[in-house]
Amino acid sequence: TGEGVRRGRVIAVEGGDVFVDMGGKSQGILPADQWGDGPPPALGDVVEVTVEGYESAEGLLLLSRRGAIQAAAWHTLSEGQLVEGRVTGHNKGGLELDVNGIKAFMPISQIDFERIETDDLRQFTNRRLPCEVVEIRRSERSIVVSRRNALQRQREEARADLLDTLEEGQLVTGTVKTIMPYGVFVDIGGVDGLVHVSDLSYSRVEDPAEVVTEGQQLQVQVLGVDRESGRIALGLKQVMPDPWKEAEAKYAPGSLITGRVTRLADFGAFVELEPGVEGLVPIGEITYERRIGHPREVLGEGQVVHVRVLNVDMAAGRISLSVKQAGEDPWIGASVRWPIDSGAEGVVRRITEFGAFVEMAPGVEGLVHISELADRHVRRVEEVVRVGQQVNVKVLNVDEDRRRMSLSLKRYAETPEA
């Protein structure tokens, strides 16, 4: 409530008077005609009023309805007072009015928030307009008034009332006013609230203009109200079904599905399974064929891929996926393809301090331990092999389950087919 505004409860309506209990032993009275053409308040209604004076004979506070327009009298006029005037004419500078017998002028810039052209002034003739007194010219016995200020006061009172009644979780209807890169401002009855870009949709939103248009009516949820600053946080996605609620049932571990790559990061690729539901393919689950430094070596944003669901964590809102496990596993049948003690060819792909990794086929690597490189003592692996070199090896062991293969360069000569 504004400065000087108090709340009271209606205890009686008699004739043209409304009696209000102001708390304690205080009671007040105000005219019922301050409700204009609308019905007066009912018994028990809470009303907002300002105290204008005190009637000692009756022991009553003289009240005025908050924002009520007073009947103007020359000896009681004051700047800032709300009055009502009837438009009697116009000139190129604005409107001429009669305010309870007092001559008034309203500059064209003070008629409305929007610009009014001179040609449009005729439409206001004989209309009764709420105004605020902005200047009193006593020598001329005339006043200057502003409808714009009166409308602004109404707007601010409506804003204050709305802020008082808004609650977190409440559903409200509004109109999209402004679209910004970071979100959308929505008018919810004279007050603007912000729908942050992250609360527009369960899907990732790059441009809010792809989701809403200016002037569009929306139902939104109140996420937070800061009554001190007047900021209101709204959410659009919160009034839509949450796709994650059915994710656990729809994406069972082991199932095969199709998705679209939305983002690539150093650690993996994000794949959209449906609007609002994304899963992560860790970099180690992208391909069997080779070790990659970044997902972009294999995948591109927007690419449609087949994935296998590894795990669904509903609490954390995470789904783990695999691209490589959606295809054929090259390790299946490796022990038959490369029998123990057989000879084979491969290419050195990586060198470490303890040996060299040899690619036997796309997705299948075996290790030649440094002790199996040559008959002599080898201090550094690079003394014997280099990356990219084609080598002949003997298969020492194959473990399909653990995806490991032990190889030997020095024993290749002992193989039966060598």
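**Legends to the views of the predicted chain**

**View 1. Overall fold of the chain, with three helices and 25 strands.** With a radius of gyration of 40 Å, well over the 22 Å that the globule rule gives for 418 residues, the chain is more spread out than a compact globule. The model is predicted. Taken along the principal axes, the box filled by the C-alpha atoms is roughly 125 × 55 × 35 Å. Of the 418 residues, 39% are buried. Among contacts with a separation of 6 or more, 56% are between residues 24 or more positions apart.

**View 2. Surface and charges of the chain.** About 23500 Å² of the chain is exposed, and 45% of this area is supplied by carbon and sulfur atoms. The chain has 49 positive and 66 negative charges. The mean position of the positive charges lies 4 Å from that of the negative charges.

**View 3. Helix α1, residues 147-165.** This helix has 19 residues, which at 1.5 Å a residue should span 27 Å; the C-alpha atoms at its ends are 27 Å apart, so the two values agree. Arg147, Ala150, Leu151, Leu162 and Leu163 are buried residues of α1. The cover over the buried residues of α1 includes strands β6 (82-91), β8 (102-107) and β9 (128-137). Also included in that cover are β10 (142-146), β14 (217-226) and β15 (231-235).

**View 4. Surroundings of Val51 in strand β4.** Strand β4 comprises residues 46-55. The relative accessible area of Val51 is 35%, so Val51 is partly exposed, between the limits of 20% and 50%. Apart from neighbours within four places in sequence, the residues in contact with Val51 are Arg6, Leu61, Leu62 and Leu63. Ser64 is 13 residues from Val51 along the chain, and the C-alpha atoms of Val51 and Ser64 are separated by 6.5 Å.

**View 5. Surroundings of Leu264 in strand β16.** Strand β16 covers residues 256-265. Leu264 has a relative accessible area of 22% and is partly exposed; the buried class is for values under 20%. With neighbours within four places in sequence left aside, Leu264 is in contact with Ala269, His294, Pro295 and Arg296, and also with Leu299, Gly300 and Glu301. Ser406, 142 residues from Leu264 in sequence, lies 34 Å from Leu264 in space, C-alpha to C-alpha.

**View 6. Asn100 in the loop between β7 and β8.** Strand β7, on one side of this loop, is formed by residues 94-99. Phi of Asn100 is near 55 degrees, which is a positive value in a residue other than glycine. Asn100 is exposed, and its relative accessible area is 54%. The exposed class is for values over 50%.

**View 7. Arg403 in the loop between β24 and β25.** The strands on either side of the loop are β24 (390-399) and β25 (404-408). Arg403 is a residue other than glycine with a positive phi, near 55 degrees. The relative accessibility of Arg403 is 34%, and Arg403 counts as partly exposed.

Notes: Residues numbered from 1 in each chain as written. Predicted model: local features only at pLDDT ≥ 70, side-chain atom pairs only at ≥ 80, totals over all residues. Heavy atoms only, no water. Helix = DSSP H or I, 4+ residues; strand = E, 2+ residues; numbered from the N terminus. Rg over C-alpha atoms; globule rule 2.2 N^0.38 Å. Buried < 20%, exposed > 50% of the residue type's maximum accessible area, 1.4 Å probe, protein only. Contact = heavy atoms within 4.5 Å. Areas by Shrake-Rupley, 256 points an atom, 1.4 Å probe, with all protein chains shown as cover. Lys, Arg positive; Asp, Glu negative; His and termini not counted. Charge placed at Lys NZ, Arg CZ, Asp CG, Glu CD. Expected span 1.5 Å × (residues − 1).
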